[in-house]
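Hi everyone, thanks for coming. I'd like to walk you through one protein today, slowly, and please stop me if I lose you.

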Amino acid sequence: MKRLLTVLSLFIALAASAQTQSANLLAANDFARKIFETPKKVVLDVRTPDEFSKGHLEHARNINWNGGSFEQEVATLDKNTPLFVYCLGGGRSASASAKLRALGFTEVYELDGGIMKWRQAGLMEEGAALRGMNMSQYNALLKTDKLVLVDFYAEWCGPCKVMKPYLEEIAKEKAGSVEVVRIDVDQNPILARELQIAALPTLVLYKGEKVKWWNVGYVPKKTVVKQLK
């Protein structure tokens, strides 16, 4: 009987923990509202310093999740102060938030979809210069008789790195019929927002300036080649 009660207690605790984490995963507008409504808080950007320098949420503090000293740096924070954690797409902030909760931080909120969703919602950020390709320049790339395959990627994105070699192969193998364009979303945040690029990698195939195929996430070479026929 005691063993059964122990198992039930553990199950209830795990369920409560999962429910709390789900409740603290907020969409961009809800995340912004919660920040505004919380007088004392820390907004924590867990991207790299380079990413942070190109635009970040107002008053955010940068502690790089992959920097090697994350645990030591967050040790300086008050564990009872609400934390609002985000990255570019949500992956690193999810890992960082789990670590923060394990370290005893009592109130941790995550930005669902990261700053990409924040930008897509049209919310403001600090340090974001008007840089990168604009829509007119992007549309000019599509004015060709060839198919245009656009790869939206980031240097930190694992699947993007895996796909890069075969995309370069396709560019050579089908040079006469396909134009392959790779666009770094960190260097072109405004364009990515306007095109509603919300996750990486994203492949967009155009024919006659119109979208023929759109894929989010890793996809093998044979699937891409099939779309190019």
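I'll start with the overall picture, then go through the sheets, a few single residues, and the cysteines.

One thing up front: what you're looking at is a predicted model. So, how many helices and strands are there in the protein? There are 10 helices and 9 strands. Of the 229 residues in the protein, 41% are buried. The accessible surface comes to about 12,400 Å², and carbon and sulfur atoms account for 55% of that. Now think about which parts of the chain meet each other. If you take the contacts between residues at least 6 apart in sequence, 70% of them join residues at least 24 apart.

Okay, on to the sheets. Have a look at the open sheet of 5 strands, where the pairing is parallel. Going across it, the order is β1-β5-β4-β2-β3. Which strands stand at the edges? Those are β1, residues 25–26, and β3, residues 61–62. Each has a single partner strand, so one side of each is left without a neighbour in the sheet. Further in, strand β4, residues 83–86, runs parallel to strand β5, residues 108–111, and 3 bridges join them. If you want a spot to point at, find Phe84, which stands opposite Tyr109 in β5.

Next, let's move along the chain to strand β8, residues 202–207. Is β8 mostly covered or mostly open? Mostly covered: 5 of its 6 residues are buried. Strand β8 pairs with strand β6, residues 147–153, through 5 bridges, and the two run antiparallel. Asp151 is the residue standing opposite Leu203 in β8. Strand β8 also pairs with strand β9, residues 210–216, again antiparallel, this time through 6 bridges. Here you can find Leu205 opposite Trp213 in β9. Together β8 and β9 make a hairpin with 2 residues between the strands. In that hairpin, Gly208 takes a positive phi near 60 degrees.

While we're at β9, let's look at the surface. Val211, Trp214 and Val216 form a nonpolar patch there, with about 280 Å² of accessible area together. Val216 lies in strand β9. Why does Val216 count as partly exposed? Because its relative accessible area is 48%, and you need over 50% to be called exposed.

Now for some single residues in helices. Take Val74, which lies in helix α4, residues 70–74. Val74 is buried, with a relative accessible area of 1%. What does Val74 touch? Leaving out neighbours within four places in sequence, Val74 is in contact with Leu44, Ile63, Leu100, Leu103 and Phe105. Pick Leu100 from that list: Val74 and Leu100 are 26 residues apart along the chain, and their C-alpha atoms are separated by 8.1 Å.

Arg92 is another one to click on, in helix α5, residues 91–102. Is Arg92 buried or exposed? Arg92 is buried, because its relative accessible area is 10% and the cut-off for buried is under 20%. Not counting residues up to four places away in sequence, Arg92 touches Val46, Arg47, Thr48, Glu51, Trp65, Asn66, Cys87 and Trp156. Cys87 in that list counts as buried too, at 1% relative accessibility.

Then there's Ile190, in helix α9, residues 189–194. Ile190 is partly exposed, with a relative accessible area of 21%. How far apart are the C-alpha atoms of Ile190 and Arg119? They're separated by 7.9 Å, with the two positions 71 residues apart along the chain.

Last stop, the cysteines. As a reminder, a disulfide is a covalent bond between the sulfur atoms of two cysteines. The count here comes to 1 disulfide. Which residues does the disulfide join? Cys157 and Cys160, with the sulfurs 2.4 Å apart. The link of Cys157 and Cys160 is right-handed, with 75 degrees about the S-S bond. Cys157 is buried, and Cys160 is buried as well.

That's my tour, so let's go back to the picture and take your questions.

How values were computed
Residues are numbered from 1 along each chain as its sequence is written. This is a predicted model: local features need pLDDT of at least 70, side-chain atom pairs count only at pLDDT 80 or more; totals for chains, interfaces and linings use all residues. Side-chain values use heavy atoms; hydrogens and water are left out. A disulfide is a pair of cysteine sulfur atoms within 2.5 Å. Buried means under 20% relative accessible area, exposed over 50%, partly exposed in between (1.4 Å probe, protein chains only). Helices (H or I, at least four residues) and strands (E, at least two) are DSSP runs, numbered from the N terminus. Two strands pair if DSSP finds at least two bridges between them. Contact means heavy atoms within 4.5 Å. Accessible areas come from the Shrake-Rupley method with a 1.4 Å probe; for residues, only the protein chains shown count as cover. Patches are made of residues with over 30% relative accessible area and no salt bridge: like charges are joined within 9 Å, nonpolar side chains (Val, Leu, Ile, Met, Phe, Trp, Tyr) within 5 Å. A salt bridge is a side-chain nitrogen of Lys or Arg within 4 Å of a carboxyl oxygen of Asp or Glu.
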